[in-house]
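Work through the exercises below with the model open in a viewer. Each task is followed by a solution in steps.

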Amino acid sequence: LPLLLKATLLCLASGSYHPFYNGFYYNHIMNDNGDGQDKVDYFSGTRLVVETSKDPVYSYNGANVTLPCHYRYEPDLGPKRKIRIKWSKLRDDYTKEQDVMVAIGKTYMAFGDFKGRAHIRQASRHEASLVISDVRLKDDGKYRCEVIDGLEDESDVVDLRLQGIVFPYQPPRGQYRLNFHEAEQVCQDQGAILANFNQLFQAWSEGLDWCNAGWLADGTVQYPIRLPRKPCGGVHLAPGIRSYGPRHRHLHRFDAFCFSSALKGEVFYLDRPAGMTLEEAKQSCQDAGAEIARVGQLYSAWKFLGLDRCSAGWLADGSVRYPIATPRANCGPAEPGVRSFGFPSKGRFGVFCYRER
C-alpha cells in the first residue's frame with residue numbers, strides 16, 4: 001500500500017505543470033528530455049520525524065502493553081493532519097515483515113493474530129502508539145512504526161521483550177528425537193514456544209549451561225555452554241552459544257529449547273500420604289479447581305514466583321520434577337533449578353497444579 005500510494009502521487013505530480021502540494025514544499029526542475037515538462041526532483045522544507053522508545057519495552061504473557069511511537073514536523077505544521085500509520089512486526093534478520101495494523105484517522109484494521117487485540121492510541125497530538133492486549137508468547141520481537149504523510153514516509157523500530165525463561169526439553173522417547181515441527185509442538189504442549197536466539201543468549205548470560213543441542217525458532221540448532229568441556233565442543237573453546245547452523249526441518253532430530261513467560265495464575269503442590277498415580281494426580285488438580293501444571297508453567301513459577309518445593313510431583317507430560325529456589329541438603333545439586341526424575345512408568349508422587357487467578 002505505501003508503494004502504491006507513492007506511485008499514484010508521483011504520477012499526479014509529474015503529469016501536471018503545477019506543483020503537487022500536501023503541506024510540504026517540493027522544488028521542481030526541468031527534466032532531461034528537453035520537452036519543458038516539470039518533475040518532482042527533491043524535497044526541501046518541512047521534515048517528518050518518527051520516534052519510538054530506544055529502550056526495550058518489557059511485558060509478559062497475558063498482559064496489556066503499549067509500544068510508544070510519536071511523530072512531529074520540523075518546523076511544526078500546526079493543526080493535526082490526517083496521516084496514515086502502519087505497524088509491522090520484523091523478523092530478527094529484517095528480511096520479512098508481518099502486518100500488524102494500518103490506521104487512517106480513526107479508521108483502522110488489524111491483521112492476523114492481532115485482530116481484536118491491537119489498536120492505535122492517539123491520546124495526544126502526533127501520537128501513533130500501538131496497544132496490544134492479551135500479549136502472547138510469539139508477540140516477542142521488533143516492531144516498526146511507520147508514518148506516511150503524502151510522499152513523506154518515515155519509521156522507527158521498538159523492541160518488545162517478554163519476561164520469560166528458556167528451558168531445554170526432551171520428550172519421553174529420549175534424547176534427539178524431535179524434528180523441527182515436533183519441537184514446535186512439544187513446546188506448545190508445555191505452555192511455551194520455541195525460543196529465539198536472543199532469548200537463548202539471555203538465558204546463557206544468566207547461567208544456562210546445557211550440552212545437548214536443541215532447535216530454535218529460526219530452524220537453527222544450538223546449545224549454551226558456560227563451562228567448556230570435552231563433550232561440549234572441547235575444552236579450548238570459549239564459553240558461548242555453540243551452533244550447528246540451520247538443519248533440515250523434517251529429517252534432522254534434536255531436542256528443543258522452549259520459552260515460557262511469567263504466569264497469570266499460580267502453581268501449587270498437592271500430595272497424599274501414599275502419593276498418586278498420574279491419573280489420580282490429574283483428578284486431584286481438577287477437584288481443586290485447577291489443572292495439572294505443564295513444564296513451562298513450573299519453570300515460570302520457579303523463576304518469577306520463587307516456587308521452592310523439595311518434593312517431586314507429576315506434570316502434564318508425564319514427567320516428575322520439583323523446583324528448588326534455595327539449594328539445600330537432600331534437594332539435588334548446589335545451584336537453584338528445576339530437578340527432573342524423567343518419565344517414570346510406575347511410582348506414586350505428589351502433583352503440581354496450575355490455576356488461573
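The exercises treat a predicted model and cover a sheet and then disulfides.

**Exercise 1. Strand order**

Task: Find the order of the strands in the open sheet of 6 strands, and name its edge strands.

Solution.
- Step 1. Reading across the sheet gives S4-S13-S12-S7-S8-S9, with mixed pairing.
- Step 2. An edge strand pairs on one side only, which is the case for strand S4 (57-59) and strand S9 (107-110).
- Step 3. From one strand to the next, the twist averages 25 degrees.
- Step 4. At the S9 edge, strand S8 (residues 97-104) runs antiparallel to S9, and 4 bridges join the two. Ile 104 is found opposite Thr 107 in S9.

**Exercise 2. Pairing of the cysteines**

Task: State how many disulfides the structure holds and give their pairing pattern.

Solution.
- Step 1. There are 5 disulfides in the structure.
- Step 2. With the bonded cysteines numbered in sequence order, the pattern reads 1-2, 3-6, 4-5, 7-10, 8-9.

**Exercise 3. The disulfide of Cys 69**

Task: Identify the partner of Cys 69, the handedness of the bond and the elements it ties together.

Solution.
- Step 1. The partner is Cys 145, at an S to S distance of 2.0 Å.
- Step 2. The S-S torsion of Cys 69 and Cys 145 is about -80 degrees, so this disulfide is left-handed.
- Step 3. Cys 69 belongs to strand S6 (residues 69-74) and Cys 145 to strand S12 (residues 141-149), so the bond ties together parts 76 residues apart in sequence.
- Step 4. Cys 69 and Cys 145 are both buried.

**Exercise 4. Two disulfides between loops**

Task: For Cys 211 and Cys 232, and again for Cys 310 and Cys 331, give the sulfur distance, the handedness and the burial of each cysteine.

Solution.
- Step 1. The sulfur atoms of Cys 211 and Cys 232 are 1.9 Å apart. Their S-S torsion is about -120 degrees, so the bond is left-handed.
- Step 2. Cys 211 lies in the loop between helix H3 (197-205) and strand S16 (214-215), and Cys 232 in the loop between strand S17 (220-225) and strand S18 (240-246), so parts 21 residues apart are tied together.
- Step 3. Buried means under 20% relative accessible area. Cys 232, at 1%, is therefore buried, whereas Cys 211, at 24%, is partly exposed.
- Step 4. For Cys 310 and Cys 331 the sulfur atoms are 2.0 Å apart. The torsion is about -115 degrees, so this bond is left-handed.
- Step 5. Cys 310 sits in the loop between helix H5 (295-304) and strand S22 (313-314), and Cys 331 in the loop between strand S23 (320-324) and strand S24 (337-340), 21 residues apart.
- Step 6. Cys 310 is partly exposed at 31% relative accessibility, and Cys 331 is buried at 3%.

Methods:
Residues numbered from 1 in each chain as written. Predicted model: local features only at pLDDT ≥ 70, side-chain atom pairs only at ≥ 80, totals over all residues. Heavy atoms only, no water. Pairing = 2+ DSSP bridges. Axes fitted to C-alpha atoms, helices over the stretch in contact; angles between N-to-C directions. Disulfide = S-S within 2.5 Å. Buried < 20%, exposed > 50% of the residue type's maximum accessible area, 1.4 Å probe, protein only.
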